Amino acid sequence: MRVTVSVSNHDLFSLDVSPTMDVEQFRLICQDECGIDATDMILLNNGKHLLEDGSCLKQAGVRDGDIILVAMPGRGPTYHVAQSRHTAPHRSFMTAQLQDPAHVRDLLLACPDQLALLKQNNPRLSEALSTGKDAFTKVFKEQLVEREKRQKQKIKLMNAHPFDTHAQRLIAEEIRQKNVEANMEAAMEYNPETFGSVVMLYINCKVNGYPVKAFVDSGAQTTIMSAKCAERCNIMRLIDTRWAGVAKGVGVQQIIGRIHMVQVAIEKDFLTTSLSILEEQPMDMLLGLDMLRRHECCIDLRKNVLRIGTTGTETKFLPERELPSCARLTSASDEEEYF
């Protein structure tokens, strides 16, 4: 759900949060956004004070589209009315909790949706969380010190001359980054499937009686095959080198030549196609638009099949576990870390 946060210093921003988020976690997010210490801020929704009693935002009465007021210490009567509920011993205890890595770790472990956001926004801390308590404590304290440094720089920046070009660029970049993070958090909440890996479309077929895993690519103009696969299928003798050249797309590949007619067996059908043989091609075979059009093929993602329109035959796309190694574009060692 989306809520609007209004700060007593006239700052205003929107947040996409889960209804099951703890009030204390929401307080921490507001601290990062507006720069007010979470232990001092007062949260008001529809005139009611949001207390850290373990309840979530939904239980506290927060609904989609609500406006939550953040009152700063010592500013306005709103703070003084609610101050009696926020005694000094309670604030001291709350400060200790927010600085305690064990307490923050318990909060994260108790909230699965925040764990997913943590993995995307702070992979280093997420990895430390799964490693153990000691590792989490070390990383948490290091990042806490770094955050305090950034906060001091932010305050210094806000006090800079408003017409200073360097300060304006930094402020603009900070606003842009916050918009990017808000967009990603909204995607994590409403479209989490977009962060998963997409399995490429491969089918089993046979060329000259030899099994081949072919990549179905309607964006490719022609059907191609690697030189190694052509050797394995024993069809290198049919290459017409007069059709040698260069294939340009995402990269540049050297075309050895062309085989003008080859039979490709898909299920019980035998379909004819031409093949361009590429010298350095990671995938064995790619079924291009020329073959798909000729045989009126239909990529049916609902049934997860490739349908041959001229015969009505259907063949299932391969599951991820059966894909060739070149189809797995990312691995654990290849993934970038964002801090």
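## Basis

Buried means under 20% relative accessible area, exposed over 50%, and partly exposed in between, with a 1.4 Å probe and protein chains only. This is a predicted model, in which local features need pLDDT of at least 70 and side-chain atom pairs count only at pLDDT 80 or more, while totals for chains, interfaces and linings use all residues. Residues are numbered from 1 along each chain as its sequence is written, and side-chain values use heavy atoms, with hydrogens and water left out.

## Chain overview

The protein chain has 10 helices and 15 strands; these are DSSP runs numbered from the N terminus (helices H or I, at least four residues; strands E, at least two). Of its 339 residues, 38% count as buried.

Among contacts in the protein chain with a separation of 6 or more, 55% are between residues 24 or more positions apart, contact meaning heavy atoms within 4.5 Å. The exposed area of the protein chain is about 20300 Å², of which carbon and sulfur atoms supply 53%; the area comes from the Shrake-Rupley method with a 1.4 Å probe.

## The five-stranded sheet

Five strands form an open sheet in the order β2-β1-β5-β3-β4, with mixed pairing; two strands pair if DSSP finds at least two bridges between them. β2 (12-16) and β4 (48-49) are the edge strands, each pairing on one side only.

Strand β1 (residues 2-7) pairs with β5 (residues 67-71) in the parallel sense over 4 bridges. Within β5, Val70 is the bridge partner of Val7, and Ile67 stands opposite Thr4. β1 and β2 run antiparallel and are joined by 5 bridges; Phe13 in β2 is the bridge partner of Val5. Side chains alternate along β1: Val3, Val5 and Val7 point to one face and are buried, whereas Arg2, Thr4 and Ser6 point to the other and are not buried.

## Helices on the sheet

The edge strands of this sheet are β2 and β4. Helix α1 (residues 23-34) packs on the sheet and touches β1, β2, β3 (42-45) and β5; its direction makes about 135 degrees with that of β2. Helix α8 (residues 165-190) also packs on the sheet, touching β1 and β2, and its direction makes about 30 degrees with that of β2. Axes are lines fitted to C-alpha atoms, for helices over the stretch in contact, and angles run from 0 to 180 degrees between N-to-C directions.

## Two sides of helix α6

In helix α6 (residues 123-131), the buried residues are Leu125, Ser126, Ala128 and Leu129. They lie on the same side of α6 because they cover an arc of only 160 degrees around the axis, the arc being that of the directions from the helix axis to the C-beta atoms. Ser130 and Thr131 are exposed on the other side of α6.
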